[in-house]
Amino acid sequence: MWLRWRQLWYWWTQKSSKSNFYRKSLLLVLCITSLPTVIIGITSYVTGRAHIENEITQNHDALLKKTIDRMNENLAQLELAATQWSLDSRLDARLGDIDLIDDYNATQNLYRFLGVMKGAYPLIDQVHLFLNKQKPVIVSDIEGIVPVTNEQDQKQFRSLLEKGRGEFWNDSLTKVNAKGSTSYVALVHKLPSIGQPYGALIFYLDKTKLVQMVEEMSTDNEGASFLMGKDGHIIVSPAASDKDRYALESSIKASVMQREEETGSYLFDWKGESYSVSYGEFSRLGVPWRYVTTTSLSQLTAPVVIMSRIMLGIGLFGLLMAILLSWMASNRLYRPIGRLFSLVKNQKTVSDKDGQKDDGDELEFIASQWNHLSEERKVLETKLEQAYPSLRAAFLMQLVQGHFYSLKEPEVRARMESFGWQSESQWFVLLLAQMTGFAKEDGKFLESEEHLVTFAAANIAQEIVRSRSYQAEIINFQDLTVGMLLSYPIDRTKPQVKEELYLLADDLVRTISSLLKMQTTICVGRLTSQVRDIPQMLPFLRNAIRYRDLKEQHQVLDLEEMLPSANQEVHYPFALEKDLMQAIRMGQSEQAMRLIDTFVMNLVRQSGKEKLLQEGVMQVLGSIMHTMLETGYHPHHLYGGDNLYEQLNQLREPEQMVRFFQQKVILPYAQKLSQHQDIHVKPLVEQVTNMLKERFAGDISLEECAHAFNTTPYALSKVFKQVTGMNFIDYLTALRIDKAKELLGDSDMKVNEIAESIGFQPSYFIRLFKKFENMTPGQYREKIIQLK
């Protein structure tokens, strides 16, 4: 132990020599913890004893009063309930005249009613109904109808009906035909309570519950508590089975009977022990009861003595603990500072650069490093400012797309202003630009370059808008559409703003169209002064832009003017639709593909609007499916459950729509029809393909195959293409390339040897293999080796 203290002392001296902060904090914590503990300990010992004695006495009196009040309350509730039960219609005067044995229903009702009364209060042991007949009876829910045959019992119960009160307490009542002389405390209620009674309700109280209530008046097991009558007879006492407590109770009862006061407290000595006796009196329905409780004085004062000693011990122990806790607390206070000091010291610090020592106050050293971190913070803020435009663009895109629908107008404006966007007293307008024309042969971009086109258009729009000093943000939707959110001061009129918007939109649409070689359409939204209206503009603009003129290279639309005429002339090529349906019924796939191209282009020439074109192609798609049903092919099975209407609705350009009908609608139908019509030619084609698989490495031709199977080269070429999906030469080439791939992967043959083995010249084989596989035979072999 002494060695441990020496180690602690050595550690403390070493720490103190290194840290002024630690030494100061230790002394401060020692004063804070020790002095209050000493003062509190001394004060508690001097003043606590008298206070505790007073509190214990008051608590004992309060406990006694609460117990008596609770007992009075329980008895009062029982008296009130008995009065209410006595007025029940099941206890009327007819009970004195009817024969309960014969009247089964009345008897059963009485049994249930008595059971309900007994279960209503835990204090009730049993409820009996006494009927004063020529042959009196007791009705009980447990024992049933019990005749009162004993003359002493008859006298006892009939005397109850002679009392002057309608409801009263009886503390010496026995039960009918009971063995022994056990008496009960019972509440008796005559029936009826006014006039000549014909019986009485008798509520026998549970002796165990009464004893528990009386025991609650005592605070210890050494004393005694009991209830007695005015004349001194014991009503309820827990000491019946304990001789010593019964002797104490008898002595106390005698002393209480000799006192003239109805309520009081006094000291009582018995067998060398002092007791504090408290007694009082309360009355229930005119019957006076006296309660008595005694408590051993040693039991009352024991907590005071113990608490006084504990307080003194706590004071001394607290002084010792204060010293230990001061050391622990100061060490704990210093721990985060020491840890922070160590972390900073291990880094490349300002002190290291300047050649300064760090063995002074840790707080001063940390402060110097804080200044260094502040400089680094400024550098990070500069980087954040550089990323600020991207954050602003992301916020405005979310705003336009309606992601802030849960925010209120002031909240959205506050966020806009946090990104440097003036939102008060402003007109807001959204423009939407859409690029089309991928499907045209003279287009500048491929369909796979959709994101590139949108990015280029967004950059062009950014340059034009920035050159005109508008408060605007360009939003790249990545789907060939670009949004432009602009604002103007609200003091400018709508016509003035609209004029500027038209000029800007015209400049944008011409520039984008000329630079990107794409059809460009810009739709101008309506002006609004509410920021929350901005997300609602986007779907309207997307819908309105579909009314673009398909024949125009560039155009500007106004959302507020996009109200189609109700009496517009209908242009629909019904004759072409009829020819198209006939070609589909006849299985003329090539004719059907030409007619669908003519049909779509006719719609473009006659309507000119994307919306009307979309409606027209939807109509002809429905007609085609109807025709297929008539020919015995269900579209759902034919197209594998694909939703052709949804796919067609995603297309915007006429050329894309034509390809969709030719490749997705007509071609699968034609192939299916061809399979059923030409099923007899399949065996012929299978024989030809088997012949090719056996002789593909040699010199074999279409004419040789046709001669071998007694047909013409033209007929064989046609059915071969219909069944296999490729012409004769392509099929033969594919067989040879597959064999070459097999040899490249599974053999060590040279490329020249493989070429000759499959019937090709080496140079031609290499060019042909690269055309099919996008790599040379050697590269293919290396790839197979790596995969293995």
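This passage walks through how confident the model is and then looks at a few of its helices.

The structure is a predicted model, and confidence in it varies along the chain. The protein chain has an average pLDDT of 76, with 80% of the residues scoring at least 70. Helix α23 (residues 728-746) sits at the top with a mean of 87, while helix α8 (residues 350-354) comes out lowest, at 45. Two stretches also dip below 50. One of them covers residues 7-11, which make four contacts in the model beyond near neighbours in sequence. The other covers residues 14-18, with eight contacts beyond four places in sequence. Where pLDDT is low, it's best not to read the predicted coordinates in detail.

Next up is helix α10, spanning residues 409-418, whose buried residues are E409, V412, R413 and M416. Looking down the axis of α10, these buried residues fit within an arc of 100°, so they line one face of the helix. Just past the end of α10, G420 takes on a positive phi of about 80°.

Then there's the meeting of α23 with helix α25 (residues 762-773), where the two axes come within 11 Å and cross at roughly 95°. That crossing angle makes α23 roughly perpendicular to α25. On the α23 side, the contact is made by T733, I737, A740, K741 and L744. The α25 side brings in F765, L768, F769, F772 and E773. Sorted by type, the residues of this contact between α23 and α25 come to seven nonpolar, one polar and two charged.

Notes. Residues numbered from 1 in each chain as written. Predicted model: local features only at pLDDT ≥ 70, side-chain atom pairs only at ≥ 80, totals over all residues. Heavy atoms only, no water. pLDDT = per-residue confidence, 0-100. Helix = DSSP H or I, 4+ residues; strand = E, 2+ residues; numbered from the N terminus. Contact = heavy atoms within 4.5 Å. Buried < 20%, exposed > 50% of the residue type's maximum accessible area, 1.4 Å probe, protein only. Arc of directions from axis to C-beta. Axes fitted to C-alpha atoms, helices over the stretch in contact; angles between N-to-C directions. Parallel < 35°, antiparallel > 145°, perpendicular 65-115°, else oblique. Nonpolar A, V, L, I, M, F, W, Y, C, P; charged D, E, K, R; others polar.
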